[in-house]
Amino acid sequence: MTGSAFPYDNKPRAKRDERSQLDMPLGAWAAAQQRERATHRLAALGEMTGGIAHDFRNLLAVIGSGLRLAEKRAEEPESVRTYIAAAREGIDRGIDLTSQLLAFAKHQELDIHAGNLNEFLKSFEPFLRYGAGPDVRVKLELGSDIPDCLIDPALFDAAVLNLVMNARDAMSSGGEIQVITARLVQTTTAPDPPGPGTYACVRIKDDGCGMAPEVLRKVFDPFFTTKGEKGTGIGMLQVQALAQMVGGRIRIRSERGIGTTVDLLFPSIQADL
């Protein structure tokens, strides 16, 4: 049996709430809207800042892996320079991530770019390989005709690295993680996200232990973890928050003994031809 779990979109307010809003004076209604936006922003900020240590642990693990490889190849100057350069880039990405989180906390704009998922993943590929470790192979399968979408590069990198390291932890004996991009066109309304439209999709797929349906239903619960004391229980919640901040969605499929597939879906900003 295959399980599936999807975050639910916010439901429309009840009609009586809509009527009460219409009865409000304009100033009171604007103030209520401002309070609601502040509440949502505070909740999102709590989810994000709660994951700072988690994301930095992932980045530090990647940097540490590169430095260990440099130590092992101390007699190969070119290799050492390559690994040190990658470690420095990891530090720069950590600084970028911190800057974006601080910007959000100060109500500044995030560093959102219109770009292509393939280009972001190509530049981040070495970090995904370091994060996966020596016993796990990371295979990039970059599709064609991927639509441009809105992405904050630092937060996107953190989300994908999080998912790759989760996949690694699910394969105690090693294996392969596939990172796949594709163009997704949804033409009908379905009970699960996304809604109709064109999306840029990045899929992280592993052949690890997988999850039973009752476990899968809890993956977005705060502080729920399958990793015991090593887990924080905020990783998937963090990925969900990062995706939603740019209008994206996340969906998960998993089967015990088969593996797990996570899709990050971002709305296309290109007109359909």
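With a relative accessibility of 36%, Ile-112 counts as partly exposed, because that category lies between the buried limit of under 20% and the exposed limit of over 50%. This value, like the others reported here, comes from a predicted model. Ile-112 sits in the loop that runs between α4 (77-105) and β2 (113-115). On the surface, Ile-112 joins Leu-150 and Ile-269 in a nonpolar patch. Together, these three residues offer about 240 Å² of accessible area.

It helps to place this patch against the chain as a whole. The chain has 273 residues, of which 43% count as buried. Its secondary structure comes to eight helices and eight strands. The area exposed by the chain is about 15,200 Å², and carbon and sulfur atoms supply 53% of that area. Turning to contacts, those between residues at least 6 apart in sequence were considered, and 74% of them join residues at least 24 apart.

Among the helices, α6 covers residues 153-169, a run of 17 residues. From its first C-alpha to its last, α6 reaches 24 Å, close to the 24 Å expected at 1.5 Å a residue. This helix is mostly covered, with 14 of its 17 residues buried.

A further helix, α3 (residues 52-72), holds Ala-61. Ala-61 has a relative accessibility of 32% and so counts as partly exposed. Leaving aside residues up to four places away in sequence, Ala-61 touches Arg-68 and Met-165. Ala-61 can also be viewed alongside Ala-132: 71 residues separate the two in sequence, while their C-alpha atoms are 9.7 Å apart in space.

The last site to visit is Ser-254, a residue of strand β7 (residues 249-255). Its relative accessible area is 2%, and Ser-254 is therefore buried, since the cut-off for that label is under 20%. The side chain of Ser-254 takes part in a polar contact of 2.7 Å with the side chain of Thr-260. A polar atom of the Ser-254 side chain also lies 2.8 Å from the backbone nitrogen of Met-211. For a reader following along in the structure, the Ser-254 side chain is thus a handy place to look for polar contacts, with Thr-260 and with the backbone of Met-211, both within the 3.5 Å limit that defines such a contact.

Terms used. Residues numbered from 1 in each chain as written. Predicted model: local features only at pLDDT ≥ 70, side-chain atom pairs only at ≥ 80, totals over all residues. Heavy atoms only, no water. Patch = residues over 30% accessible without salt bridge, like charges linked within 9 Å, V, L, I, M, F, W, Y side chains within 5 Å. Areas by Shrake-Rupley, 256 points an atom, 1.4 Å probe, with all protein chains shown as cover. Salt bridge = Lys/Arg side-chain N within 4 Å of Asp/Glu carboxyl O. Helix = DSSP H or I, 4+ residues; strand = E, 2+ residues; numbered from the N terminus. Buried < 20%, exposed > 50% of the residue type's maximum accessible area, 1.4 Å probe, protein only. Expected span 1.5 Å × (residues − 1). Contact = heavy atoms within 4.5 Å. Polar contact = N/O pair within 3.5 Å; in protein donor to acceptor, adjacent residues only side chain to side chain.
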